[in-house]
Amino acid sequence: METVLVVGATGNIGVAAVLGVLRAKRNVLAVVRNQASADKLFQHVKSKDGITIVEADIMAEEGVRGVVDQVRAGKLPAFQHVYAAAGGAYGATLLRDLTTSELRKFMAINFESNFPYRASIPYLLEQSGPTSFTLCTGSQGDIGARAAPAITQGPLFSMANVACRDNENTNVRFNEVYLQTRVEVDSSAEKTGAMKASDFAHVYTELLSRPDIKSCRISVATKNDLTDLKYKKKITC
Ligand SMILES: NC(=O)c1ccc[n+]([C@@H]2O[C@H](COP(=O)([O-])OP(=O)(O)OC[C@H]3O[C@@H](n4cnc5c(N)ncnc54)[C@H](OP(=O)(O)O)[C@@H]3O)[C@@H](O)[C@H]2O)c1
């Protein structure tokens with residue numbers, strides 16, 4: 001059975017990714033910060049079945065690389081897909097008031113946390129069968145309503161363009177899920193009216209069985225976009 005490595009597994013998007021994978025009858029290798037984060041994940045998913053937990057510091061150079069090393073050594077399950085869902089720092093500081101240290105903090109949490117790309121992509125590329133890497137981005141970078149979250153989306157868009165181009169002729173299907181609405185874990189969404197992680201999960205289920213979706217941006221704005229995926233090529237090679 002296939003396994004999906006989920007980075008940022010305990011957040012709003014990560015929980016959706018984990019639910020999506022389990023519904024697709026695949027297993028999850030969830031990278032978490034610590035045991036408290038793991039407990040949070042189990043609470044949201046309401047099950048431990050099919051989930052292997054590994055603790056790692058995703059911001060450290062050796063964090064996800066260490067996870068991949070353990071996979072190569074047979075200490076953790078082999079994986080064929082990666083769902084990158086880390087980040088999530090949100091703030092309302094105006095652009096004119098944004099200090100360099102605050103900007104750096106946002107860049108680290110929202111952008112660098114998704115850079116485990118470098119640690120996991122060689123492992124996907126060396127496999128003989130089809131694999132995939134999916135990154136979640138948000139529309140804040142286009143809307144420009146909140147300075148720090150918006151600015152930090154820009155590099156993610158660019159990284160996705162480069163990754164689509166780099167992997168176009170490989171066994172790795174790189175895709176970007178471009179989220180234009182707010183998704184929250186169900187317990188929170190029930191109070192705020194945001195889209196539920198359990199609904200958004202459908203995108204992550206669907207992507208595992210869609211070899212035709214490669215080097216694409218999948219746009220999700222409403223619930224209608226969950227059943228009928230709206231996608232188009234990010235780049236033309
Ligand atoms: N939610 C949305 O509606 C939405 C919309 C558009 C785009 N996105 C994008 O999706 C991504 C995730 O958003 P989210 O709402 O799911 O955020 P979130 O709920 O805050 O979750 C963030 C995840 O990243 C992990 N994380 C953050 N900093 C970390 C660190 N230093 N070390 C280890 N783990 C760390 C968190 O782990 P812990 O649980 O241990 O803290 C958590 O698993 C972001 O890049 C965001 O731009 C989200």
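In which sense do β5 and strand β6 pair, and over how many bridges? In this predicted model, β5 and β6, the latter spanning residues 172-179, pair in the parallel sense over 8 bridges, and within this pairing threonine 137 stands opposite tyrosine 178 of β6. Strand β4, made of residues 81-84, also pairs with β5 in the parallel sense, here over 4 bridges, and the bridge partner that valine 82 finds in β5 is phenylalanine 133.

Strand β5 itself, residues 131-138, is mostly covered, with 8 of its 8 residues buried. In a regular strand the side chains alternate between the two faces of the sheet. In β5, Thr131, Phe133, Leu135 and Thr137 point one way, while Ser132, Thr134, Cys136 and Gly138 point the other way, and all of them are buried.

Gly138 of β5 leads on to the ligand, since the closest of the 25 residues that surround the ligand are Thr10, Gly11, Gly87, Gly88 and Gly138. The elements giving two or more residues to this shell are β5 together with the helices α1 (12-23), α2 (35-45) and α4 (100-111). By class, the shell is made up of 12 polar, 10 nonpolar and 3 charged residues.

Helix α1 has a part in the nonpolar interior as well. The largest nonpolar core has 64 residues, and those with the most contacts inside it are Val6, Val7, Ala16, Val18 and Val31; to this core α1 gives the most, with 8 residues. Once neighbours within four places in sequence are left aside, valine 6 is in contact with Gly14, Ala17, Val18, Val21, Val28, Ala30, Val31, Tyr83 and Ala85. In soluble globular proteins, nonpolar side chains tend to be buried together.

Definitions and conventions
Residues are numbered from 1 along each chain as its sequence is written. This is a predicted model: local features need pLDDT of at least 70, side-chain atom pairs count only at pLDDT 80 or more; totals for chains, interfaces and linings use all residues. A residue is buried if 20 or more other C-beta atoms lie within 10 Å of its own, exposed if 12 or fewer, and partly exposed in between; C-beta atoms are placed from the backbone. Two strands pair if DSSP finds at least two bridges between them. A residue is near a molecule or strand if its C-beta atom, placed from the backbone, lies within 6 Å of it. Ala, Val, Leu, Ile, Met, Phe, Trp, Tyr, Cys and Pro count as nonpolar, Asp, Glu, Lys and Arg as charged, and the others, Gly among them, as polar. A nonpolar core is a set of buried Ala, Val, Leu, Ile, Met, Phe, Trp, Tyr and Cys residues joined through C-beta atoms within 7 Å. Two residues are in contact if their C-beta atoms, placed from the backbone, lie within 7 Å.
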